[in-house]
Amino acid sequence: MRTQRQVVDYSLRRRALLRELVAGRVGTYDLCDASPYLKNAARFHGEPTDQRCPICRSENLTHVHYIYGDELKQSAGQARTVAELSMLAMTLREFQVFVVEVCLGCDWNHLVEQYLLGRDGLTDSEAEHEAAGGVAAAAAGANTRRRREAQR
């Protein structure tokens, strides 16, 4: 997404946890503790990936995108699909997205990244282009209506 900014990647933390597991300092019960709510969000709102689970290696991981922000009001904390994120990014000023990877087989879950989305990330020229695109679409719709009325 083009308005994505202030990205924080948690891959180093993930590797450290997996290293701790291999070394025997952490058990799988400590790492594989996905809540039923997270698993349901992964089933219904998650985006499947091609990555295999690092613990069970039998299931592919699913990414769940949670959104938070002042403009969201009651929608804050909900899981959304990537398509919904794109639409929200064009309508809201700014909101935060947290991406969690989940394995539905062994309950592994880990925060993958977080970032900001929203119109505030657009430059002035991009914002004008978006607005002009909306004005052009409205004008095209009005011209089509006029032609239909003229044909009657």
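Four salt bridges are found in a search of the whole structure. The model is a predicted one. Side chains of opposite charge can pair when their charged atoms come close. Three of these pairs are described here, including one between Arg 14 and Glu 101. The side chains of Arg 14 and Glu 101 meet at 2.5 Å, N to O. Arg 14 sits in helix α1, residues 11–23. Glu 101 sits in strand β5. The two residues are 87 apart in sequence, and the pair links distant parts of the chain. Arg 14 has a relative accessibility of 19%. That value is under 20%, so Arg 14 counts as buried. Glu 101 is buried as well, with a relative accessible area of 2%.

A further salt bridge joins Lys 39 and Asp 107. The closest N and O atoms of this pair are 3.2 Å apart. Lys 39 belongs to helix α3, residues 36–45. Asp 107 belongs to the loop between β5 and β6, the latter spanning 109–117. The pair therefore ties together parts that are 68 residues apart in sequence. Lys 39 and Asp 107 are both buried.

Arg 25 and Glu 20 also meet through their side chains in a salt bridge, at 3.0 Å, N to O. Arg 25 is exposed, and its relative accessible area is 60%. Glu 20 is partly exposed, at 28%.

Helix α3 also holds Asn 40. The relative accessible area of Asn 40 is 35%, which makes the residue partly exposed. Asn 40 and Leu 104 lie 64 residues apart in sequence. In space, their C-alpha atoms are 9.3 Å apart.

The overall fold comes next. The protein chain has five helices and six strands. Along the sequence, these elements follow the pattern β-α-α-α-β-β-β-α-β-β-α. The protein chain counts 152 residues, and buried residues make up 35% of them. The accessible surface of the chain comes to about 9,700 Å². Carbon and sulfur atoms account for 50% of that surface. Contacts were also sorted by sequence separation. Among contacts between residues at least 6 apart in sequence, 60% join residues at least 24 apart.

Gln 6 gives one example of separation in sequence. This residue is found in strand β1, residues 5–9. Gln 6 is exposed, with a relative accessible area of 60%. Gln 6 touches Gln 114, Tyr 115 and Leu 116, leaving aside residues up to four places away in sequence. Those three contacts fall within the range 109–117 given for strand β6. Gln 6 and Leu 117 are 111 residues apart in sequence. Their C-alpha atoms are 9.0 Å apart in space.

Aromatic rings were examined next. A pair of aromatic rings is described by the distance of the centres and the angle of the planes. The structure holds one aromatic pair. Tyr 68 and Phe 98 form this pair. The ring centres are 5.6 Å apart, and the planes are at 80°. An angle over 60 degrees counts as edge-to-face, so the Tyr 68 and Phe 98 pair is edge-to-face. Tyr 68 lies in strand β3, residues 60–68. Phe 98 lies in strand β5, residues 95–102. The two residues are 30 apart in sequence, and the pair links distant parts of the chain. Tyr 68 counts as partly exposed, at 40% relative accessibility. Phe 98 counts as partly exposed too, at 22%.

The cysteines complete the account. The structure holds zero disulfides. Cys 32 is in no disulfide, and its nearest cysteine sulfur, that of Cys 106, is 4.0 Å away. A disulfide needs sulfur atoms within 2.5 Å, so the distance from Cys 32 to Cys 106 does not qualify. Cys 32 is buried, with a relative accessible area of 15%. Cys 53 is in no disulfide either. The nearest cysteine sulfur to Cys 53 is again that of Cys 106, at 3.5 Å. This distance is also not within 2.5 Å. Cys 53 is buried, with a relative accessible area of 1%.

Note on methods:
Residues numbered from 1 in each chain as written. Predicted model: local features only at pLDDT ≥ 70, side-chain atom pairs only at ≥ 80, totals over all residues. Heavy atoms only, no water. Buried < 20%, exposed > 50% of the residue type's maximum accessible area, 1.4 Å probe, protein only. Phe/Tyr/Trp six-rings, centres within 6.5 Å; stacked < 30°, edge-to-face > 60°. Helix = DSSP H or I, 4+ residues; strand = E, 2+ residues; numbered from the N terminus. Contact = heavy atoms within 4.5 Å. Areas by Shrake-Rupley, 256 points an atom, 1.4 Å probe, with all protein chains shown as cover.
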